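Biologist: I should like a close look at a single part of this model. Which residues line the second largest pocket, and what can be said of the parts of the chain around them?

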Amino acid sequence: MGLEQLIADCKKNDARAQAEIYKLFSAKFFGVCLKYSANYAEAEDNLQDGFLIIFNKIEQFNFKGSFEGWAKRIMINNALQKFRGVRFLEIVNENIAEEETVEIDDENVSLDYLIGIIQELPERYRLVFNLYVLDGYSHKEIAEMLDITTGTTKSNLARARMILKEKIDIHNGKKIPTAK
């Protein structure tokens, strides 16, 4: 059965079609949820909630663009929902002329290590980093999604990159860790 037929059947509340859509996309969408969640359990909750929203709103999908892209956006928005309107209590310089470039030497770093240190970032930095670097959203889009200013998104991204660079440098033996 093709994806279009599965979607049509989901619009009729067919539980078997819903299970098939879940089977097709759950692994990929779990990765999306994990990027925007504090831990594994929260990611599982976000995945389940996201699929409930997808199935409740599937009538709105009109086959313009990919179903996967449409559903992924729902997953991201669901995971970010708890952050909307939350003010990160940090004063930032809104006059950032251009983004500071941080060169990260990641040739000697495993993917698992990179994922781990991204997960360790403070929540506000991790969210902005994932949205901008991994999912390709603009600062304006991120600002709207998180209900913050574009200056804050730029500042948070720069700080996330600096933290990651420092951890990678320490990992690669290029920097001696300092006591905090």
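Modeller: The protein has eight helices and zero strands, so its order of elements from the N terminus reads α-α-α-α-α-α-α-α. The model is a predicted one. Of the 180 residues in the protein, 38% are buried. Among contacts between residues at least 6 apart in sequence, 69% join residues that are at least 24 apart.

The second largest pocket has a volume of about 170 Å³. Its lining consists of G31, L34, K35, I115, I118, Q119, N130 and L134. Three helices, α2 (15–35), α5 (111–120) and α6 (123–134), each supply at least two of the lining residues. In chemical character, the lining divides into four nonpolar residues, three polar ones and one charged residue. The charged residue is K35, because lysine counts as charged. The lining also draws on two domains: at least three of its residues come from domain 1 (3–83), and at least three from domain 2 (88–179).

Helix α6 holds a further residue of interest, R126. R126 is buried, because its relative accessible area is 2% and the limit for a buried residue is under 20%. Leaving out residues up to four places away in sequence, R126 touches K35, Y36, S37, A38, I118, Q119 and L121. Among these partners of R126, K35, I118 and Q119 are named in the lining of the pocket as well.

Another partner of R126, L121, lies in the loop between α5 and α6. L121 is buried too, with a relative accessible area of 5%. Apart from neighbours within four places in sequence, L121 is in contact with R126, F129, A160, I163 and L164. One of these contacts joins residues well separated in sequence: L121 and A160 are 39 residues apart along the chain, yet their C-alpha atoms are separated by 6.9 Å.

Helix α2, which contributes to the pocket lining, also takes part in packing with α1. In helix α1 (residues 3–10), the buried residues are L6, I7, D9 and C10. Seen down the axis of α1, these buried residues fall within an arc of 160°, and therefore they line one face of the helix. An α-helix has 3.6 residues a turn, so residues three or four places apart point the same way. The buried residues of α1 pack against α2, α3 (40–57) and α4 (67–80).

Two loops that join these helices each hold a residue with a positive phi. In the loop between α1 and α2 stands N13, whose phi is about 60° although N13 is not a glycine. N13 counts as exposed, because its relative accessibility is 59% and the exposed class begins over 50%. In the loop between α3 and α4 stands F63, which is likewise not a glycine and has a positive phi near 65°. F63 has a relative accessibility of 39% and therefore counts as partly exposed.

To return to the part requested, the pocket is lined by residues from α2, α5 and α6, and both domains contribute to the lining. Buried R126 touches three of the lining residues, K35, I118 and Q119, and R126 is in turn in contact with L121 in the loop between α5 and α6.

Conventions. Residues are numbered from 1 along each chain as its sequence is written. This is a predicted model: local features need pLDDT of at least 70, side-chain atom pairs count only at pLDDT 80 or more; totals for chains, interfaces and linings use all residues. Side-chain values use heavy atoms; hydrogens and water are left out. On a 1 Å grid over the protein atoms alone, a cavity is a set of points where a 1.4 Å probe fits but cannot get out, and a pocket is an open set with protein on both sides within 12 Å along at least five of seven lines; lining residues have an atom within 4 Å of a point. Grid points are joined across faces, edges and corners, and a volume is the space filled by probe spheres set on the points. Helices (H or I, at least four residues) and strands (E, at least two) are DSSP runs, numbered from the N terminus. Domain bounds come from an automatic or database domain assignment. Buried means under 20% relative accessible area, exposed over 50%, partly exposed in between (1.4 Å probe, protein chains only). The arc is that of the directions from the helix axis to the C-beta atoms. Contact means heavy atoms within 4.5 Å.
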